[in-house]
Amino acid sequence: MKKNQHFPKLFERGYIAGLEIKNRIVRQPMGTELGNPDGSPSWATVKAYAEAADGGAGIVYMDNAGVTQFHHVGLSIASDPYIGPMSILAKTLKHHGAVPGLQIVHPGRDAAFVAGDDLISSSRVMWEPWYENGGGVPRELTIEEIHEFVEAFGDAAERGQRAGFEIIDVHSACGVLLSNFLSPLNNTRTDMYGGSLHNRMRFLMEVIRNIKQKTSVPLSIRLSGCDFEPGGITIEETIEVAKACERMGADVINITWGSHAEVVNAAGLLSPHGANHVDMAKRIKDAVSIPVMLCGGIYTPEIGEQLLEDGVCDYVGIGKPALADPFWAKKAEEGRSGDIRPCIGCGVGCHDRGMLSGGMVQCAVNPTLYQFDREYFPKTDRPKKVAIIGAGPAGSAAALTAAECGHDVTLFEGREVGGVLKEASVPVYKEDLGLLGKYYQRQIAKSNVKLVEENATPETIATGDFDAVIVATGGKVRELNLPGLDSDNVIYAMDLMKQGCQLDADKVVVVGGGIVGAEAALILAEDFGKDVTITTRQDNFFVPGVMGIAYMTRLAMAGVKTKTRANLVEVKDGKPVFSTMNGLETMDVDAVVVSPGFLPTSQMRDDIEQIADVDTYVIGDAKAPRLVMDAVHEGYKTAINL
Ligand SMILES: Cc1cc2nc3c(=O)[nH]c(=O)nc-3n(C[C@H](O)[C@H](O)[C@H](O)COP(=O)(O)OP(=O)(O)OC[C@H]3O[C@@H](n4cnc5c(N)ncnc54)[C@H](O)[C@@H]3O)c2cc1C
Ligand SMILES: Cc1cc2nc3c(=O)[nH]c(=O)nc-3n(C[C@H](O)[C@H](O)[C@H](O)COP(=O)(O)O)c2cc1C
Ligand code: SF4
């Protein structure tokens, strides 16, 4: 086999129980939510599978498939009539060069995500924060039902093999039914399926035995190395489970992390750049002799190559990175890792506005993901001379797309391509946002976009003879007009970030509960050991979605105190005064960091329209300060519709 000169380990051939795999990259199971309501694939599902396989990974798993007919969010393999439609997917993956993999599952406790299900688990235990937010309590499976499920897993695997899938993965991680049994927190049974680890893994062992009796394709078992639920699954127990899986006949262990209840680790949100929990993964690898797949935070081929080099795993799994750039593996193979669009670990497109919204999975940085209604970059038959003002994510996405579609693009940037991603990536756990900025710098330099490194004015546009102008000038910090804000100990959060968060104070209050406030508070508490309180005038902290949960988790872990319904009215003698439900309250702190949010800069459009006869569009934070996803997607959509 010809050795790949860029990533020799990643592109080494592999074998799992005799099954040949062209390289060591596994596109991990991640629902598309493109299937039909009955769990059969749609034509969009088929196209998504074709694209995923074209991306170059050796094995491609996609949607999980239910072993019984439940109100699921993925596909189904619950009865024989599904074999036909599912065989289209297996064939598609194969035709496009990948080993077709199928993950089978019952979501157990996690069906709480999906309304209308018979919620089942090992025991009547629900993750407390979900319960407090209205999540139901599952009922405990009877022993007879467990036996039925064992058969159902075996039958589903057998159908998967008949449909043409060449490797079957059993989902036993992240909070689904089989992991509910493994977890000492969720499994409080006193029968043969609860108590000792031996009993808690009995269900999984019976599933493996049943599948091995009914199939001959390799069997992979997906486990959470550790689920990070207090009192839940530990690495020590997972090592024992992995060894037992091997003894029972499993052919590969497929490691991921966390549970759906615990987003910081399951989704790797707000985690430092790099593979997650490598030391724990190595302990699993050392404990078994069958191959180990590892997933979680392997955002670049360089990270994957190093893991293989260090013997941490035999196959590297990519989840979110494959959404951000479906051609991750192909680009790595061609030595173009700099062209891989990086996942920023935000959870906005894939989780919040994807799976958890009930809609299709999306990606913040990849606006073309699963957009099969048209060509991704339709060539224009009316090329226009286009000015784009601002090269943050919105302007960069617009410029690259417009140029790809055949327009003549001039991009004005007064500071640095990447925009406010520079500030957004200051915390160590946000480095990946900065990598997106670097990606845009490289792509713009390689493209035929004309980059003009200066601030554009309405006059620049009026004299430039442009057909269209896209205003992508970002947001501007909202300025507060309150007494005492000119005190020496008051600073705006964005200014604090720009000066590396150096602050001569022990006790600090951060006023404002958005991303910037949360980040300033975290940096001050985590990196500088300050005594920090964060306040908001709202009822809750305003960081939306799973990222908000991740921030709240980290803030709590860092000991940051939170105070809601507190409206800053002045700073008096260096102390903040808040209007609260109990009247005016002051706080004894040494410094006040204000983070009042951002305002749009769409005024630029009006100024341009006053003096220039040109089509104008406003996108991204310039239109309304929001998130990277809004910026990138608006940039793309505006450009393809010019
Ligand atoms: C600290 C911080 C943390 C954040 N964290 C996250 C996060 O974790 N996840 C997330 O999704 N979002 C996050 N955001 C929000 C996200 O960064 C923005 O939504 C996004 O960058 C908006 O992109 P944009 O292109 O519209 O604007 P910007 O990124 O603000 O880019 C605007 C660009 O326009 C340039 N410009 C302005 N005027 C002119 C002119 N006249 N001529 C030429 N150039 C000009 C500026 O120099 C700038 O480069 C964060 C924001 C901040 C401030
Ligand atoms: C949108 C989405 C859907 C997912 N669906 C599944 C799934 O159905 N089965 C599964 O085992 N893991 C699922 N995962 C977890 C991923 O396979 C992977 O383990 C996790 O994202 C961590 O890897 P990464 O850092 O490479 O993304 C999903 C992840 C995402 C983002
Ligand atoms: S939405 Fe965010 S976290 Fe999800 S794949 Fe895209 S960039 Fe990564």
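Domain bounds, on which the distance between domain centres rests, come from an automatic or database domain assignment. In this predicted model, that assignment gives the chain domain 1 (14–357), domain 2 (385–475 + 600–640) and domain 3 (490–597). The points below turn to how domain 1 and domain 2 meet, and then to the surroundings of the two ligands.

**Domains**

- The centres of domain 1 and domain 2, taken over C-alpha atoms, are separated by 39 Å.
- Where these two domains touch, 14 residues of domain 1 are in contact with twelve residues of domain 2, and the side that domain 1 contributes divides into eight nonpolar residues, five polar ones and one charged.

**Ligand 1**

- There are 38 residues around ligand 1, and those that come nearest are Gly390, Gly392, Gly419, Gly474 and Gly620.
- The elements that give two or more residues to this shell are helix H15 (393–404), helix H16 (421–424), helix H20 (515–527) and helix H23 (628–640).
- In terms of residue class, the shell around ligand 1 divides into 21 nonpolar, ten polar and seven charged residues.
- Because both domain 2 (385–475 + 600–640) and domain 3 (490–597) give residues to the shell, ligand 1 lies between these two domains.

**Ligand 2**

- Ligand 2 is surrounded by 25 residues, of which Gln28, Pro29, Thr256, Gly319 and Lys320 are the closest.
- The shell around ligand 2 is made up of eleven nonpolar residues, twelve polar ones and two charged ones.

Technical notes
Residues are numbered from 1 along each chain as its sequence is written. Chains are lettered from A and ligands numbered from 1 in the order in which they are written. This is a predicted model: local features need pLDDT of at least 70, side-chain atom pairs count only at pLDDT 80 or more; totals for chains, interfaces and linings use all residues. A residue is near a molecule or strand if its C-beta atom, placed from the backbone, lies within 6 Å of it. Helices (H or I, at least four residues) and strands (E, at least two) are DSSP runs, numbered from the N terminus. Ala, Val, Leu, Ile, Met, Phe, Trp, Tyr, Cys and Pro count as nonpolar, Asp, Glu, Lys and Arg as charged, and the others, Gly among them, as polar. Two residues are in contact if their C-beta atoms, placed from the backbone, lie within 7 Å.
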